[in-house]
Amino acid sequence: MKKGNILIKNASEIVTCSGFKAKVGKEMNELGIIKDGSVVIEDGIIKAIDETDKILKEFDEEEFEIVDASNKTILPGFVDSHTHLVFGGYRAEEYNWRLSGMEYMEIMKRGGGIINSVKGTKEASKDELVKLGRKRLDSMMSFGVTTVEGKSGYGLDYETEIKQLEVMQQLDKDHPLDIVKTFLGAHAVPKEYKGREDEFIDFIIEKVLPEVKKRNLAEFCDIFCEKNVFSVEQSRRLLLKAKEMGMKLKIHADEIVQLGGAELAAELRAISADHLLQASDKGVKDLADKGVVATLLPGTAFSLKEEYARARYMIDNGCAVALATDFNPGSCFTESIPLIIALATLHMNMTTEETITALTINGAAALDRADEIGSIDIGKKGDIVIHEFPSYKFIPYHIGVSTVEKVVKDGIMIYDKCKMFECL
Ligand code: NIG
Ligand code: FE
């Protein structure tokens with residue numbers, strides 16, 4: 001991807017989210033704000049951040065593309081650290097069933113749910129999936145996302161799992177957004193393996209994982225550790241193998257039933273444990289002790305009409321909490337960051353500051369990239385978003401509406417709402 005030289009000046013606030021590792025507990029309230037600030041990006045990398053008069057004394061404006069951010073707020077690009085963005089087919093029908101009271105796991109038991117998307121993904125060509133992926137990434141970009149994680153898991157066989165990962169590889173090359181790839185081959189039990197879950201795990205370990213590793217198709221390995229899907233024992237077996245092969249770990253943990261997924265994530269030193277709606281007190285303590293990021297997905301709880309994960313309890317007990325969309329065709333068909341912000345602040349009792357931390361530096365930490373993205377710090381990628389109001393406090397206040405005006409990725413302007421609408 002191209003790298004740019006850009007100087008963004010006169011911002012009424014720069015919310016730096018400064019830091020190179022996850023923020024835990026009370027630290028999540030520290031946003032590192034600079035009033036009347038400017039940012040300089042050279043060759044795609046942040047070169048300087050300071051008050052505007054100091055920056056303009058030090059740098060020659062002639063040498064940069066200049067963007068005036070008077071009366072606006074600058075934030076790091078959002079990091080959406082948990083999505084399932086590559087899939088074929090949709091499940092609008094199932095959404096209606098859920099509205100009339102059928103439960104998510106009930107639909108899955110009847111052969112719908114994830115297995116339905118597996119069918120659609122098998123049928124779709126690689127080109128079709130790339131096209132769909134591009135469109136979805138464009139939408140994420142409009143919400144200020146500059147890095148997104150994407151999982152496989154709608155294949156459950158060798159060809160389709162690899163196809164999904166190749167699609168993400170292609171998208172990462174073609175699209176300005178960065179994609180972090182996760183192998184989720186153990187996302188559901190395919191029909192032919194019902195009752196033989198251990199054999200399916202063997203298949204994943206012996207046949208698919210080595211190819212994923214050999215071709216460097218994914219950085220993370222993940223599993224849906226859940227009652228009637230994969231047990232803690234099966235999850236441990238797969239994840240240990242992946243770890244041995246040098247992959248980093250994530251777990252869909254304690255989403256519907258309290259199974260001990262959080263404890264397992266801590267035991268295996270996963271980078272993140274995700275969902276956690278039912279995580280036990282001990283599980284939360286273990287995550288905090290072992291420095292595993294607790295990635296919460298309020299859009300899913302909202303869409304499934306479940307209780308939200310205990311964000312307040314987790315933060316008050318020293319966890320690093322990240323927030324992500326969980327964008328997927330079943331449990332949460334939304335890439336809307338404003339929705340996540342509204343749910344986190346209004347329904348999970350997170351402060352505005354914690355919510356922003358959870359979508360920036362802690363999102364980066366959930367992808368093990370806190371040294372590279374997630375904050376406006378010298379040396380990090382020039383991934384910056386200009387929001388259309390003079391303070392970050394407007395971000396949750398403008399409920400459910402995106403405040404994003406411009407997105408800069410690697411120092412290049414990749415999205416500018418002012419080209420379509422009048423900006424004040
Ligand atoms: O994170 N929980 C398991 N996996 C996804 C849902 C995938 C689907 O329903 O297609 C999730 O919610
Ligand atoms: Fe998920």
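This text describes the surroundings of two ligands in a predicted model.

Ligand 1 has 15 residues around it, of which R91, Y104, Y154, E255 and S331 come nearest. Sorted by class, this shell holds 8 polar residues, 4 nonpolar residues and 3 charged residues. As for its location, ligand 1 occupies the largest cavity.

Three of the nearest residues can be followed down to single atom pairs. The side chain of Y104 places an N or O atom 2.5 Å from an oxygen atom of ligand 1. For S331, the corresponding distance between a side-chain N or O atom and an oxygen atom of ligand 1 is 2.6 Å. E255 is paired with a nitrogen atom of ligand 1 instead, and a polar atom of the E255 side chain lies 2.8 Å from that nitrogen. Ligand 1 taken alone exposes 330 Å², and 100% of that area is buried by the protein.

The second site holds an iron ion, ligand 2. Its coordinating residues are H82, H84 and H252, each through NE2, together with D326 through OD. The distances run from 2.1 to 2.4 Å. Along the chain, these donors are arranged with the spacing H-x1-H-x167-H-x73-D. H82 and D326 are 244 residues apart, and the pair links distant parts of the chain. H82 belongs to the loop that runs between strand 6 (78–80) and helix 2 (92–99). D326 belongs to the loop between strand 13 (321–323) and helix 13 (337–347).

Conventions
Residues are numbered from 1 along each chain as its sequence is written. Chains are lettered from A and ligands numbered from 1 in the order in which they are written. This is a predicted model: local features need pLDDT of at least 70, side-chain atom pairs count only at pLDDT 80 or more; totals for chains, interfaces and linings use all residues. Side-chain values use heavy atoms; hydrogens and water are left out. A residue is near a molecule or strand if one of its heavy atoms lies within 4 Å of it. A polar contact is a pair of N or O atoms within 3.5 Å; within protein, one must be able to donate a hydrogen and the other to accept it, and residues adjacent in sequence count only if both atoms are side-chain atoms. Accessible areas come from the Shrake-Rupley method with a 1.4 Å probe; for residues, only the protein chains shown count as cover. On a 1 Å grid over the protein atoms alone, a cavity is a set of points where a 1.4 Å probe fits but cannot get out, and a pocket is an open set with protein on both sides within 12 Å along at least five of seven lines; lining residues have an atom within 4 Å of a point. A molecule sits in a cavity or pocket if more than half of its atoms lie within 2 Å of its grid points. Ala, Val, Leu, Ile, Met, Phe, Trp, Tyr, Cys and Pro count as nonpolar, Asp, Glu, Lys and Arg as charged, and the others, Gly among them, as polar. Donors are N, O and S atoms within 2.8 Å of the metal (3.2 Å for Na, K and Ca); water is not among the atoms, so sites may look incomplete. Helices (H or I, at least four residues) and strands (E, at least two) are DSSP runs, numbered from the N terminus.
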